[in-house]
Amino acid sequence: MLLPIDTIAAIMILLAYIQEGGSPAPRSAYDALGWLGAIALTIPLSLYLAGRITEIFVNRKKLGSTARRSAAGALDVAAKVMVIALFWTFLKNSDWPFTITSHMGITSKSGITECIFGLLPYIIFSIGSWLPLYRIHRECTPDNWSMRSFLVHKAQYSFFILLLAIPTTFMIGYINANNESISNLVSPMTIMAGIYIMLFLCVWTFPFLLTMIWGCKKLPQGKLRSRVNELEEKAGVRFSNIFIWNLGGGTMVNAAAVGLFPPFRYLFLSRALIEKLSEEEIDGVVCHEMGHVRHRHLLFYMLVTIALMETFESMIGSLSLSPLEQVPLVVIVLAAYIRFGFAFISRRMERQADLTSLDILGSATPLVRALEKIGAAYGNIRAAKSWHHMSIAERVAFLKAAENNPEIGIAHHDHVRAVKAAGYYLAATLIAVGIMSHYAGDMREKSATVVPMSGFSESFHWQRVSRLMPDEMAGPLQLARLCLQSDEPDRKEKASILLQDAITRNGSAAEIRAATALIDELKKSPASAGGQTTLDLEAPRVDK
């Protein structure tokens, strides 16, 4: 089961846009709705034409099942890229999150309402892209899905990540919105540790939510459940529960081990797998999934991915780019890692899981027969390349070779152990460097709150205050303070501009004193605009 990279990219784009504070000039709600309607129509019409061209091409060329499936897959990827690009364009031109929430009067200090309403257009655009894709999917694949089953399947596997992203975003937004009061109580290191603990709890319990999102039902007591329980005892692996997985409306043959630790570690068996495979073949597939649990593949994936992405994000964050400008680089790095780094690891882990099935059952035949039957069910894709599994033909050949020569399996286990040792060492090193970096920041400035991932910052709140209350001094004054605390080379010039804006607005006596202190600091600094300033301290008007 792979993560929906397109939805993750949309979340990152939205968070970066909100962090920047949106458009400087307020937009009309009618303009925002106009942009929404225009793009919502452009996506399905464009993809309908692309689908018709693809359909004509594959029929004229009389392509085989593997090539037809590849053509449908390529169009699906193109649709995801198109939706992401137009979602970016839509945000930049409509200022949707701020325009709609301001118009409805439901803005929030933490930014969670802007986030939720900001995701609605992405959901609309995605559904609009799936409607024309259904036709080409029916034409190029053997899956006999109804339109409803296709749309439900797409929604379940594209949007499930939102149930993890929204509470995480709310947690970080709340921390940053209450930055000052929280930092007076605990250190940045404590905040960082708390965030990671909450993230771990979310990931740990997330499989329970998946069973509801995906419409899973518990496997009833019977012969199949007894066989799985016997295999659990034999393998030394324990699942907290076993579920029937209504994957693809009951048409897709698959299985998955989900969850890091009990009591939220489950085994999912698709309805089609139970119906189409024999008992022995199901045993082979179940033992393969047990191999992932026995060798702790999921934990390894998570630790290495988090460590690498945190490092990449820190490196990109050090560049002189705005949050929104950083997103394409982060997405490119993430996609490259999944396609090459994760794929390299995944192929080896999948092969080790295949060997586990051989080890537990003492024969490769059950899994080999299951793989061959699955390849036939998907339109004779036996020789089709898989970037994260290897082809069925390669997997079958390896299993037969390992059965005839146990040294092949032993050598592969040793190879995977070396890969995992290198991965754990790399992850531990990167995490240690990150902790030391945060600790150093804690020592330099006790009052600074360090949030170890993308999301909202304190600047988001004051940018919005400045925008929504154009007559009040608080927004630009606090932004000037943040500028002076940053590491940007032109921070004093930016702070000077913000203070010039601040002193033209209404302010309290305390705010005027704070502005005066910042102005004095700029005047004394030789690095600010050649040591000169044009600020006029008589400009602010005291309201109270």
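These legends accompany close-up views of a predicted model.

**View 1. The whole chain combines 21 helices with six strands.** The chain has 544 residues, and 49% of them count as buried. Its exposed surface comes to about 25,800 Å². Carbon and sulfur atoms supply 62% of that area. Among contacts with a separation of 6 or more, 76% join residues 24 or more positions apart. The structure holds 15 salt bridges. Some of these appear in the views that follow.

**View 2. Glu55 pairs with Arg52 in a salt bridge inside helix 2.** The N to O distance is 3.3 Å. Both residues belong to helix 2, which covers residues 29–61. They sit three residues apart, about one turn of the helix. Arg52 is partly exposed, at 29% relative accessibility. Glu55 is buried, at 10%. The cut-off for buried is under 20% relative accessible area, so Glu55 falls in that class and Arg52 does not.

**View 3. Glu55 also forms a salt bridge with Arg135.** Here the N to O distance is 2.9 Å. This pair links distant parts of the chain: Glu55 lies in helix 2 and Arg135 in helix 5 (residues 112–140). The two are 80 residues apart. Arg135 is partly exposed, with a relative accessible area of 42%.

**View 4. Lys223, Arg227, Glu279 and Asp283 share a network of salt bridges.** One of its pairs is Glu279 with Lys223, whose closest N and O atoms are 3.2 Å apart. The pair links distant parts of the chain, 56 residues apart. Glu279 belongs to helix 12 (residues 279–294), and Lys223 to helix 10 (residues 223–235). Glu279 is partly exposed, at 32% relative accessible area. Lys223 is exposed, at 58%.

**View 5. Five residues make a nonpolar patch on the surface.** They are Ile197, Met198, Phe200, Leu201 and Phe261. Together they have about 420 Å² of accessible area. Phe200 is placed in helix 9 (residues 188–213). Its relative accessible area is 34%, which makes Phe200 partly exposed. Patch residues need over 30% relative accessible area, so Phe200 passes that cut-off.

**View 6. Helix 16 has its buried residues along one face.** Helix 16 runs over residues 392–404, 13 residues in all. From first C-alpha to last, helix 16 reaches 18 Å, close to the 18 Å expected at 1.5 Å a residue. Its buried residues are Ile392, Arg395, Val396, Phe398, Leu399 and Ala402. Seen down the helix axis, they fall within an arc of 165 degrees, so they line one face.

**View 7. Helix 4 has backbone features of note at both ends.** Asp95 is in the loop between helix 3 (65–94) and helix 4. Its phi is near 55 degrees, a positive value in a residue other than glycine. Asp95 is buried, at 0% relative accessibility. Helix 4 itself covers residues 96–104. Its buried residues are Trp96, Pro97, Phe98, Thr99, Ile100 and Thr101. Gly105 comes just after helix 4 and takes a positive phi of about 70 degrees.

**View 8. Arg296 has a positive phi in the loop between helix 12 and helix 13.** The angle is near 55 degrees, and the residue is not glycine. Most residues other than glycine have a negative phi. Helix 13 spans 297–317. Arg296 is exposed, with a relative accessible area of 54%.

**View 9. A cis peptide bond joins Pro262 to Pro263.** Omega is near 5 degrees. Most peptide bonds are trans. Pro263 is found in the loop between strand 3 (255–258) and strand 4 (266–270).

**View 10. Ile503 is a buried loop residue.** The loop runs between helix 20 (491–502) and strand 5 (506–507). Ile503 has 5% relative accessibility. Pro476 is 27 residues away from Ile503 in sequence. In space, the C-alpha atoms of Ile503 and Pro476 are 9.1 Å apart.

Methods: Residues are numbered from 1 along each chain as its sequence is written. This is a predicted model: local features need pLDDT of at least 70, side-chain atom pairs count only at pLDDT 80 or more; totals for chains, interfaces and linings use all residues. Side-chain values use heavy atoms; hydrogens and water are left out. Patches are made of residues with over 30% relative accessible area and no salt bridge: like charges are joined within 9 Å, nonpolar side chains (Val, Leu, Ile, Met, Phe, Trp, Tyr) within 5 Å. Accessible areas come from the Shrake-Rupley method with a 1.4 Å probe; for residues, only the protein chains shown count as cover. A salt bridge is a side-chain nitrogen of Lys or Arg within 4 Å of a carboxyl oxygen of Asp or Glu. Helices (H or I, at least four residues) and strands (E, at least two) are DSSP runs, numbered from the N terminus. Buried means under 20% relative accessible area, exposed over 50%, partly exposed in between (1.4 Å probe, protein chains only). Contact means heavy atoms within 4.5 Å. The expected span of a helix is 1.5 Å times one less than its number of residues. The arc is that of the directions from the helix axis to the C-beta atoms.
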